[in-house]
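User: Could you walk me through how some of the labels for this structure were reached? I'd like the reasoning as well as the verdicts.

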Amino acid sequence: MKHLKLIFSLLLFLGVAALGTQIIIRSKENQVNKHKFAEISHFKYGLFSVDAWKEKLSYIVSEEIERLSLTRGNEREIKKHLEVQLGVLIDKMVEKMKKENYKTTEGWFKQGLIDSFVDVKEIKKGIPEYANAIWKEMSSPKTEKQIKSMLKEKVEVYIDKTFDVKDDSLKGRIISSLGVADEQAAKTKLTKMMKDNYTDISRWSLIMVILASLLFLMEAFDKKPLKQSQYFFLTLTLLVLLAVGVSTPMIDMEAKISDLKFVLFDHPVEFTNQVLYFQTKSIMDVFWIMITHKELQMKFVGILMVCFSVVFPVFKILSSLAYYYDYCGARKYKVVQFFVMKSGKW
């Protein structure tokens, strides 16, 4: 029975240690994945990105060109403009022809024949008919389709000449490392990975607490004096729980634009989850940030934080272990007595 209890305590401790290790590993993985997700969701790749605006504006302009009707409801105005332009074109053509012909003797003779047999006024009388013919050609579906296609090609040329100069290589490396094709697929995969990790961490944390509680309850209900081996396992279990507590992320700090919507040319434009700032830190991460800060006050706060969060608990556990075993006469040392008897209030 004595050895059976010892074996059972050992198994419970090993279970707590194994689960604690896995929780730390998975928490660190989630920490990395959160940073990756925040990076590819950063507003510099969305709201403040020329490429993102290019994509949205390209779609809007293409849609507006498709909606564009060159002839619907404006027939009279277009014909009037055509007639005016045709009149100007004929006058310029006649004037240019005269200038060219008057330069040579042959040209003088040619111009004389033109003036004798060609009446410009008669030609201008046909301008309404010419305008009607042009209008008929313009209003055909084939011509309208060709014009729209030409406009789209021009828009694409202008868009291709517009590009972003910021460095997005980090985002590209993240997407490549995930083995996906684009940003949306990367977000989907990261979300799934983080959700799976959260599920495992929650389940393992519950099991770890249950195992640790069983280890303590087993000794609490035992009327016999606590054996040295049992005390050793209890102390190690506390150290594992403390290690998990200070190593896993305790706080996420995020500033983001959840949803930004507006209408441009009767088209909705939307930017969602634009991350402005993100940090996820454990106690030790926060301590390192503070201790490496240039301000002395921050260093002091960091030292106080790690003292009361890590150093005091570890010293209290180790001192309790030394006091219990009276290792090298530890019970007579004031430091050991302080941590065992008086440090609880700290």
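Analyst: Happy to! Rings of Phe, Tyr and Trp pair if their centres lie within 6.5 Å. On that footing, F308, F312, F315, F338 and F339 form one aromatic cluster. This is a predicted model, and searching the whole structure turns up seven aromatic pairs.

User: What makes F312 and F339 an aromatic pair that is edge-to-face?

Analyst: Their centres are 5.5 Å apart, and the cut-off is 6.5 Å, so they count as a pair. The planes make an angle of 65 degrees; because over 60 counts as edge-to-face, that label follows. F312 lies in helix α12 (residues 296-325) and F339 in helix α13 (residues 334-342), so the pair ties together parts 27 residues apart in sequence. Both F312 and F339 are buried, meaning under 20% relative accessible area.

User: Why is α11 called roughly antiparallel to α12?

Analyst: The axes of α11 (residues 283-291) and α12 cross at roughly 155 degrees and come within 7 Å. Angles over 145 count as roughly antiparallel, so α11 earns that description relative to α12. The crossing is left-handed.

User: Which residues in α11 meet α12?

Analyst: I283, M284, V286, F287, M290 and I291 in α11 do, and their partners in α12 include M298, V301, G302 and M305.

User: How do you know that the charged end of K332 sits over the ring of Y333?

Analyst: The charged end of K332 is 5.9 Å from the centre of the Y333 ring. The distance limit is 6 Å, with a further limit of 35 degrees from the ring normal. The K332 charge is listed as sitting over the Y333 ring, so both conditions are met.

Terms used
Residues numbered from 1 in each chain as written. Predicted model: local features only at pLDDT ≥ 70, side-chain atom pairs only at ≥ 80, totals over all residues. Heavy atoms only, no water. Phe/Tyr/Trp six-rings, centres within 6.5 Å; stacked < 30°, edge-to-face > 60°. Helix = DSSP H or I, 4+ residues; strand = E, 2+ residues; numbered from the N terminus. Buried < 20%, exposed > 50% of the residue type's maximum accessible area, 1.4 Å probe, protein only. Axes fitted to C-alpha atoms, helices over the stretch in contact; angles between N-to-C directions. Parallel < 35°, antiparallel > 145°, perpendicular 65-115°, else oblique. Left-handed = near helix turned anticlockwise from the far one by under 90°. Contact = heavy atoms within 4.5 Å.
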